[in-house]
Structure formats: C-alpha cells, structure tokens
Amino acid sequence: MQKQELLYTGKAKSVYQTDDADHLILVFRDDASAFNGEKIAQLDRKGKVNNRFNAFIMQKLADAGIETHFAELLSPTEVLVKKLKMIPVECVIRNYAAGSLCRRLGVEEGIELTPPTFELFFKDDALGDPMVNESQAIALGWATAEQLEQMKKITYQVNDVLKALFEQGGMLLVDFKLEFGVFHDRIVLGDEFSPDGCRLWDKETKKKLDKDRFRQGLGDVVEAYEEVAHRIGVDLSDI
C-alpha cells in the first residue's frame with residue numbers, strides 16, 4: 001500500500017490517501033492538545049504509544065464482532081484503515097460523572113451513573129463540539145435515524161467490552177467518545193480509541209490515567225498511557 005498525498009491534519013493524527021480507493025493511512029503524531037487547541041504540546045513517544053494502543057483495542061472489538069476501520073499496523077506511527085464517509089456526530093458514553101457533565105449539571109465528580117448515559121456532540125471545533133440531540137442530528141442531515149440507532153447500539157457494545165477489559169487491569173472506564181462513518185453502506189467504528197479520547201481511573205486510588213493529566217497539568221502523561229497499556233496487555237516493548 002503506497003502512501004500518497006496528505007488529505008487532512010487533525011489535532012493528533014495526519015490522514016494520507018493511498019493507491020487503494022477504499023483505504024487511508026493514519027499517522028499518529030506526538031502532538032497533544034486540549035481546550036479546542038488552546039493548550040498544545042509535543043509529548044515524546046505519544047504517537048507510537050497511541051498507535052499501538054489503538055490497534056490493540058480495535059482488535060479486541062473486532063474479536064467481539066464489532067466492525068472497525070482498522071486494517072493493519074504499518075509502522076510504529078502508521079496504520080492502514082478503511083476509508084469511511086465520516087458522520088459528524090460523536091457518541092459519548094459516561095459510566096461515571098466527570099468533565100463537562102459535572103460542569104453542566106453541578107454533580108460531584110466520580111458519581112456512578114446507573115445506567116450509563118449516552119450523549120451526542122456535533123463535531124465542530126469552532127463551536128466547541130456542542131451537545132446535540134438525535135432530532136437535531138436527523139433534521140440537519142448529519143445522520144439518519146437508522147444510522148444513529150446503529151451507532152448507539154455499537155457504542156453500548158463497545159462499553160460492555162471495554163469496561164470488562166479495563167476492569168481486569170484494575171481500572172474504571174469513566175467515559176469515552178466514539179466516531180463512526182459509512183463504508184459500503186455499513187456503519188463502521190472509525191477514528192481511534194486511546195487515552196486521548198476516554199477517561200480511565202485506577203479503581204482503588206482514582207488516579208487519572210488519561211488525557212486529563214495533560215488538561216489539568218498533572219504531568220507524566222505518556223507514562224500514564226503506558227501504564228494503562230501494560231495493565232491490559234498491550235506490547236510496547238519494540239517502540
């Protein structure tokens with residue numbers, strides 16, 4: 001598979017066209033950003049760690065019968081993926097109260113949410129990724145009712161698989177976001193799953209092991225990502 005022209009540069013990944021119309025190459029960079037780009041830094045090894053972490057998670061989801069865009073690892077920072085027509089709506093599951101939920105509703109961080117909540121956000125950096133509902137997403141043509149139903153179903157399936165995985169590593173999956181796209185008329189999980197896009201806490205100490213370490217200036221960001229990887233069995237020995 002030949003990497004060709006650069007199509008898009010995101011906050012932490014670059015997307016390249018290939019000589020196959022059905023596939024793209026994602027390059028995981030060492031960039032870290034928060035607050036819609038207001039806080040930016042370069043973190044050594046972050047791209048390699050997230051690429052390997054994401055590949056591990058995507059394989060676990062595939063093993064559970066969830067179709068993802070992951071195809072194969074190409075290098076320590078590169079991955080081959082299916083080319084999706086992305087749906088501009090993020091799906092968020094919250095198992096415990098944290099982040100914007102606490103700010104919006106004035107609830108205490110760490111409260112268990114029973115059952116887990118499901119939220120939708122419109123992907124638009126300029127607007128700060130505002131929260132939306134299913135009716136708005138359908139009326140504005142971002143997704144169909146059938147697509148949203150499938151996305152919600154898959155998001156809950158992902159939650160079931162990954163809550164159990166992180167529980168085995170002594171961690172709580174606090175919340176996470178997922179992005180989806182269409183591949184040959186099928187809804188497929190896209191983007192990435194890494195500590196950049198979820199919250200993970202040590203089950204006993206509630207130590208934060210995710211991107212909140214960067215947002216909140218707690219330090220040891222990549223070290224925390226590596227700790228999570230080791231706890232769930234991701235092999236980082238060659239990176």
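Which residue lies over the face of Tyr16? I looked this up at the start: Lys3 does, at 4.6 Å from the ring centre. The model is a predicted one, and I keep that in mind for every entry below.

**Entry: charges over rings.** Besides Lys3 over Tyr16, I noted Lys39. Its charged end sits over the ring of Phe214, 4.7 Å from the ring centre.

**Entry: aromatic pairs.** I looked up the aromatic pairs and found 4 of them in the structure. I took Phe122 and Trp142 for a closer look. Their ring centres are 4.0 Å apart and their planes meet at 5°, so I list the pair as stacked; the cut-off for that label is under 30 degrees. Phe122 belongs to strand 10, residues 112–122, while Trp142 is in the loop between helix 3 (134–139) and helix 4 (145–168). The pair therefore ties together parts that are 20 residues apart in sequence. I also noted one aromatic cluster, formed by Phe166, Phe176 and Phe193.

**Entry: burial of the stacked pair.** Are Phe122 and Trp142 buried or exposed? Phe122 has 15% relative accessibility and counts as buried. Trp142 has a relative accessible area of 19% and is buried too. The limit for this label is under 20%.

**Entry: the sheet.** I traced an open sheet of 5 strands, in the order 11-10-9-12-15, with antiparallel pairing. Strand 11 (131–132) and strand 15 (198–202) are the edge strands, and each pairs on one side only. Strand 9, residues 89–96, is joined to strand 10 by 7 bridges, and the two run antiparallel. I checked Val89 and found that its bridge partner in strand 10 is Phe122, the residue whose ring is stacked with that of Trp142.

**Entry: helix 4 and the sheet.** Which strands does helix 4 lie across? I list strand 9, strand 10, strand 12 (171–178) and strand 15. Helix 4 runs at about 155° to strand 12.

**Entry: Val132.** Val132 is in strand 11, which is an edge strand of the sheet. At 13% relative accessibility, Val132 counts as buried. Leaving out residues up to four places away in sequence, I find that Val132 touches Leu120, Phe121, Phe122 and Trp142. Both members of the stacked pair, Phe122 and Trp142, are thus among the contacts of Val132. I also looked up the separation of Val132 from Asp202. The two are 70 residues apart in sequence, and their C-alpha atoms are 31 Å apart in space.

Terms used:
Residues numbered from 1 in each chain as written. Predicted model: local features only at pLDDT ≥ 70, side-chain atom pairs only at ≥ 80, totals over all residues. Heavy atoms only, no water. Phe/Tyr/Trp six-rings, centres within 6.5 Å; stacked < 30°, edge-to-face > 60°. Helix = DSSP H or I, 4+ residues; strand = E, 2+ residues; numbered from the N terminus. Buried < 20%, exposed > 50% of the residue type's maximum accessible area, 1.4 Å probe, protein only. Lys NZ or Arg CZ within 6 Å of the ring centre and 35° of its normal. Pairing = 2+ DSSP bridges. Contact = heavy atoms within 4.5 Å. Axes fitted to C-alpha atoms, helices over the stretch in contact; angles between N-to-C directions.
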